[in-house]
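The exercises below ask the reader to work through a structure step by step, from single residues to the chain as a whole. Each task is followed by a worked solution.

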Amino acid sequence: MLLSARRRGRTRNLSLSKKREANETLTIEIDDCIRRIVGKDSQYFITEGGCVVRKAARLNVPKWSHLNPGDREGIYRTVTVFVVLLIL
């Protein structure tokens, strides 16, 4: 009898959803030296950003440079809108 391989499910970022329901604001900062998102709630932001990029980006190309410029612009626009909406 073969057992099915267990694997992780889709990321839902439930902790961020709870913060949104409670009308809490995220505390994130961008460190100028390392150019990374840091702060108390940075991981929520990073996880949600990853979810948005995975929905917008095709995963069937080996490198970012292999995407045509139109696809790259669409992904960039989607992520930019996400960042603006999450920060507001």
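## Exercise 1: Lys19 and its partners

Lys19 is buried, with a relative accessible area of 12%. The model is a predicted one, and the exercise starts from this residue.

**Task.** Establish which residues are linked with Lys19 in a network of salt bridges, and describe the setting of each partner.

**Solution.**

Step 1. Apply the distance criterion, by which a side-chain nitrogen of Lys or Arg must lie within 4 Å of a carboxyl oxygen of Asp or Glu. Glu24 meets this criterion with Lys19, since their closest N and O atoms are 3.2 Å apart. Asp41 also forms a salt bridge with Lys19, and here the closest N and O atoms are 3.6 Å apart.

Step 2. Place the second pair along the chain. Asp41 lies in the loop between E2 and helix H2 (42-56), whereas Lys19 belongs to helix H1, so that the pair, 22 residues apart, links distant parts of the chain.

Step 3. Compare the exposure of the partners. Glu24 is partly exposed, with a relative accessible area of 45%, while Asp41 is buried, with a relative accessible area of 2%. Both members of the pair Asp41 and Lys19 are therefore buried under the cut-off of 20%.

Step 4. Combine the pairs: Lys19, Glu24 and Asp41 are linked in a network of salt bridges.

## Exercise 2: Three consecutive residues, 40 to 42

**Task.** For Lys40, Asp41 and Ser42, decide whether each is buried or exposed, and then list what the buried ones touch.

**Solution.**

Step 1. Begin with Lys40, which lies in the loop between E2 and H2 and is exposed, its relative accessible area being 68%. In sequence Lys40 and Glu29 are eleven residues apart, and in space their C-alpha atoms are separated by 8.8 Å.

Step 2. Asp41 is found in the loop between E2 and H2 as well, yet its relative accessible area of 2% makes it buried. When neighbours within four places in sequence are left aside, Asp41 is in contact with Lys19, Thr25, Leu26, Thr27 and Ile28.

Step 3. Ser42 is found in helix H2 and is buried, with a relative accessible area of 12%. With neighbours within four places again left aside, the contacts of Ser42 are Thr27, Ile28 and Ile37.

## Exercise 3: A salt bridge in helix H3

**Task.** Explain how Glu73 and Arg77 are placed relative to one another in helix H3.

**Solution.**

Step 1. Glu73 forms a salt bridge with Arg77, and their closest N and O atoms are 4.0 Å apart.

Step 2. Because the two residues are four apart in helix H3 (residues 69-87), Glu73 and Arg77 are separated by about one helical turn. Glu73 itself is partly exposed, with a relative accessible area of 39%.

Step 3. For the wider count, a search of the whole structure finds four salt bridges, among them Glu73 with Arg77.

## Exercise 4: Positive phi outside glycine

**Task.** Locate Asn23 and Arg35, and state how exposed each is.

**Solution.**

Step 1. Asn23 has a positive phi of about 55° although it is not a glycine, and its place is in the loop between helix H1 (14-21) and strand E1 (29-31). Asn23 is exposed, with a relative accessible area of 67%.

Step 2. Arg35, likewise a residue other than glycine, has a positive phi near 55° and sits in the loop between E1 and strand E2 (36-38). The relative accessible area of Arg35 is 71%, and Arg35 is exposed.

## Exercise 5: The largest pocket and the whole chain

**Task.** Describe the lining of the largest pocket, and then summarise the protein chain.

**Solution.**

Step 1. The largest pocket holds about 250 Å³ of space and is lined by Arg10, Thr11, Arg12, Asn13, Glu48, Cys51, Val52, Arg54 and Lys55. By character, this lining divides into five charged, two polar and two nonpolar residues.

Step 2. The protein chain contains three helices and two strands, which follow the pattern α-β-β-α-α when read along the sequence.

Step 3. Of the 88 residues in the protein chain, 18% are buried. The chain exposes about 7800 Å², of which carbon and sulfur atoms supply 54%. Among contacts between residues at least 6 apart in sequence, 39% join residues at least 24 apart.

Technical notes:
Residues numbered from 1 in each chain as written. Predicted model: local features only at pLDDT ≥ 70, side-chain atom pairs only at ≥ 80, totals over all residues. Heavy atoms only, no water. Buried < 20%, exposed > 50% of the residue type's maximum accessible area, 1.4 Å probe, protein only. 1 Å grid on protein atoms, 1.4 Å probe; cavity = no way out; pocket = protein on both sides within 12 Å on 5 of 7 lines; lining within 4 Å. Points joined across faces, edges and corners; volume = space filled by probe spheres on them. Nonpolar A, V, L, I, M, F, W, Y, C, P; charged D, E, K, R; others polar. Contact = heavy atoms within 4.5 Å. Areas by Shrake-Rupley, 256 points an atom, 1.4 Å probe, with all protein chains shown as cover.
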